[in-house]
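User: I would like to go through this structure by question and answer, with the reasoning set out before each result.

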Amino acid sequence: MKLLSHISVRAQSCPNQHVPVEVTLTAPEIEKCKAGDHVCVTQRINDVIRLYPEGNPLFKMPNLKLITVDRLAGTKIASNTPLQLKFQLFDVKLTGLDNAKALSVKGFEKDTQYHEIELQVPILKIIGRYEIDGKLLLLPIKGNGNGEFIFKDVRITGKHKFNFEKRDGKNYIKTVSFSTSIEPESVTFKFENLFGGNKELTDATNKVLSDNSLDVWNAMGEQFNSGLGQLYRKIMSPGMECLSYDDFFVD
C-alpha cells in the first residue's frame, strides 16, 4: 500500500511578500544562532514550539495543536506481502505536535541545501473517517466509519531538501522535497463500525491490531510516512520559504 496525501492548502504569500526576519524571529526570547550551531538551532526550535503552540501568522506557522488534511489515501499492493489494503482517511485531524521536543538537527549551515530535524512527541493522535478493505497481517479487515490512531513515545525525523532562489539580492528557500519517518513505541488502533457494525468482530480486530502494533506499523509505516511527509511540508514550508535564509543566522 502506498499512502498519498491530498491537502487543500490555499496558496499563501508572506504578509508583505518579504517579512523582515528581525520582526518575526528576533523577539527578546528567541535569539538567532550561528550558522551550523546545531545545539543552538535545536534550542531555538524548542523555543518556537513553546512560544507559538497555536502558530504565528507573521511567518505562516500553523497551529501545532491541530493540523488538518483533507485525505490520506492508499493503494493495494502485491498479494504476497502482509499488507493488502485499500485504505483511505478523510477529514483527517492530527494533534499532539504542540508537545513535540526537538532532539537534534542537521544542516542549517549557510551553504547547505538540506535540513533534518529529529523530534520526540509523547502522544500523537490521528483521527478521521476511514474506508478500509483488504488484509492486514493476513487478518481480513473491512468497514467504514470513524477511525483513530494513537501513537505513543513517537520519534519523528523530518528531512527537507531545497534550492536557493534570489529575491532582492537575498537567498530564499525553494523546497524540492520533504520526507518524514515516524517510529512509535506503540500504536493503538481504533476502527469503529468494522464488518458492517459487528461489535464483537470490531473489538476483536482492534485488539489484535493494537496488541501487535509494531508488526502492523512495520508493515505499513513506510507507505504511511510518505503521506505524513506532506503534513510535514504543510507545517514547515510556508515559514521557511517566506523568510530570507540569509537572515536566519547571526553571522
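**Disulfide, loop and core**

Analyst: In this predicted model, the count of disulfides comes to one.

User: Which two cysteines form the disulfide?
Analyst: A disulfide requires a pair of cysteine sulfur atoms within 2.5 Å. A pair with sulfur atoms 2.0 Å apart meets that cut-off, and the residues that form this disulfide are Cys33 and Cys40.

User: Is the disulfide of Cys33 and Cys40 left-handed or right-handed?
Analyst: The handedness follows from the torsion about the S-S bond of Cys33 and Cys40, which is about -80 degrees. Because of that torsion, the disulfide is left-handed.

User: Is Cys40 buried or exposed?
Analyst: Residues count as buried under 20% relative accessible area. Its partner Cys33 has a relative accessible area of 5% and is buried. For Cys40 the relative accessible area is 11%, so Cys40 is likewise buried.

User: Which backbone oxygen does the side chain of Thr112 reach?
Analyst: Thr112 lies in the loop between strand 4 (101–107) and strand 5 (114–136), and at 15% relative accessibility it counts as buried. Leaving aside residues up to four places away in sequence, Thr112 touches Gly107, Phe162, Phe164 and Tyr245. At 3.1 Å, its side chain reaches the backbone oxygen of Tyr114.

User: Which residues touch the most other members of the largest nonpolar core?
Analyst: This core has 58 residues. Leu124 touches, among residues more than four places away in sequence, Leu94, Thr95, Leu97, Phe149, Ile150, Phe151, Val154, Ile156 and Ile182. Within the core, the residues that touch the most other members are Leu97, Leu124 and Phe191.

Conventions
Residues are numbered from 1 along each chain as its sequence is written. This is a predicted model: local features need pLDDT of at least 70, side-chain atom pairs count only at pLDDT 80 or more; totals for chains, interfaces and linings use all residues. Side-chain values use heavy atoms; hydrogens and water are left out. A nonpolar core is a set of buried Ala, Val, Leu, Ile, Met, Phe, Trp, Tyr and Cys residues joined through side-chain atoms within 4.5 Å. Buried means under 20% relative accessible area, exposed over 50%, partly exposed in between (1.4 Å probe, protein chains only). Contact means heavy atoms within 4.5 Å. Helices (H or I, at least four residues) and strands (E, at least two) are DSSP runs, numbered from the N terminus. A polar contact is a pair of N or O atoms within 3.5 Å; within protein, one must be able to donate a hydrogen and the other to accept it, and residues adjacent in sequence count only if both atoms are side-chain atoms.
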